[in-house]
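Here is a quick walk through one structure, taking in its cross-link, its strands and its charged pairs. Have the model open while you read.

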Amino acid sequence: MLFVIGVVIIAGCVSNAIYLNQPFDLRLGQTAVIENENINIRFMTVAEDSRCPSDVQCIQEGRAVVVVNIVKDGENLGDFTLASNEPPIIFDLYSIELVDVKPYPISTQRLDTSAYVITLVVSKN
């Protein structure tokens with residue numbers, strides 16, 4: 001019985017693993033760690049969200065722009081600006097792509113920046 005409780009407690013401490021070439025989500029202020037590559041990625045801010053609200057018809061779709069900070073092998077590589085529907089950004093021997101930004105804007109609702117969740121993919125070049 002004690003062994004089972006210990007396994008449950010240990011299992012509860014394990015976080016989801018993040019791997020290269022696999023999408024992962026980050027909330028504002030959250031940091032993802034790709035441990036096998038020793039990469040830390042922190043979602044710093046939403047610099048722009050000019051996406052056309054889902055309940056409006058627009059001539060242009062707009063875009064979302066976010067800033068992430070990347071640390072590789074303990075060295076701060078700096079802040080990187082990623083935009084929706086744009087090619088990946090290259091850093092070190094890797095690329096990082098903004099895949100999605102949620103929630104999608106609605107014209108009648110003001111988005112709180114703390115509600116933002118971004119989906120990223122990191123690949124080795």
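The torsion about the S-S bond of C52 and C58 comes out at about 80 degrees, so this disulfide is right-handed. Keep in mind that you're looking at a predicted model. The two sulfurs of C52 and C58 sit 1.9 Å apart, and the count for the structure is one disulfide. What about exposure at the two ends? C52 has a relative accessible area of 10%, which makes it buried because the cut-off for that class is under 20%. C58, with a relative accessible area of 37%, is partly exposed.

Now for the strands. There's an open sheet of four strands, running in the order β2-β3-β4-β5 with antiparallel pairing. At its edges you'll find β2 (31–34) and β5 (75–83), each of which pairs on one side only. From one strand to the next, the twist averages 25 degrees. As a reminder, strands of a sheet pair through backbone hydrogen bonds, either parallel or antiparallel. If you want a pairing to trace by eye, try β4 (residues 64–72) against β5: the two are antiparallel and share eight bridges. A handy landmark is N69, whose bridge partner in β5 is D79.

On to the charges. How many salt bridges does a search of the whole structure find? The search turns up six, including these:

| Pair | Closest N to O distance |
|---|---|
| R63 and E48 | 3.4 Å |
| D49 and R51 | 2.8 Å |
| K72 and D73 | 3.2 Å |

Take the R63 and E48 pair. R63 lies in the loop between β3 (39–49) and β4, while E48 belongs to strand β3, so their salt bridge ties together parts that are 15 residues apart in sequence. Both ends get some solvent: R63 is partly exposed at 32% relative accessibility, and E48 is partly exposed at 29%. There's a third member to look for here, since E48, R63 and E86 are linked in a network of salt bridges.

The D49 and R51 pair has a split character. D49 is partly exposed at 26% relative accessibility, whereas R51 counts as buried at 9%. In the K72 and D73 pair, the lysine is the one to check: K72 is buried, with a relative accessible area of 10%.

Definitions and conventions: Residues numbered from 1 in each chain as written. Predicted model: local features only at pLDDT ≥ 70, side-chain atom pairs only at ≥ 80, totals over all residues. Heavy atoms only, no water. Disulfide = S-S within 2.5 Å. Buried < 20%, exposed > 50% of the residue type's maximum accessible area, 1.4 Å probe, protein only. Pairing = 2+ DSSP bridges. Axes fitted to C-alpha atoms, helices over the stretch in contact; angles between N-to-C directions. Salt bridge = Lys/Arg side-chain N within 4 Å of Asp/Glu carboxyl O.
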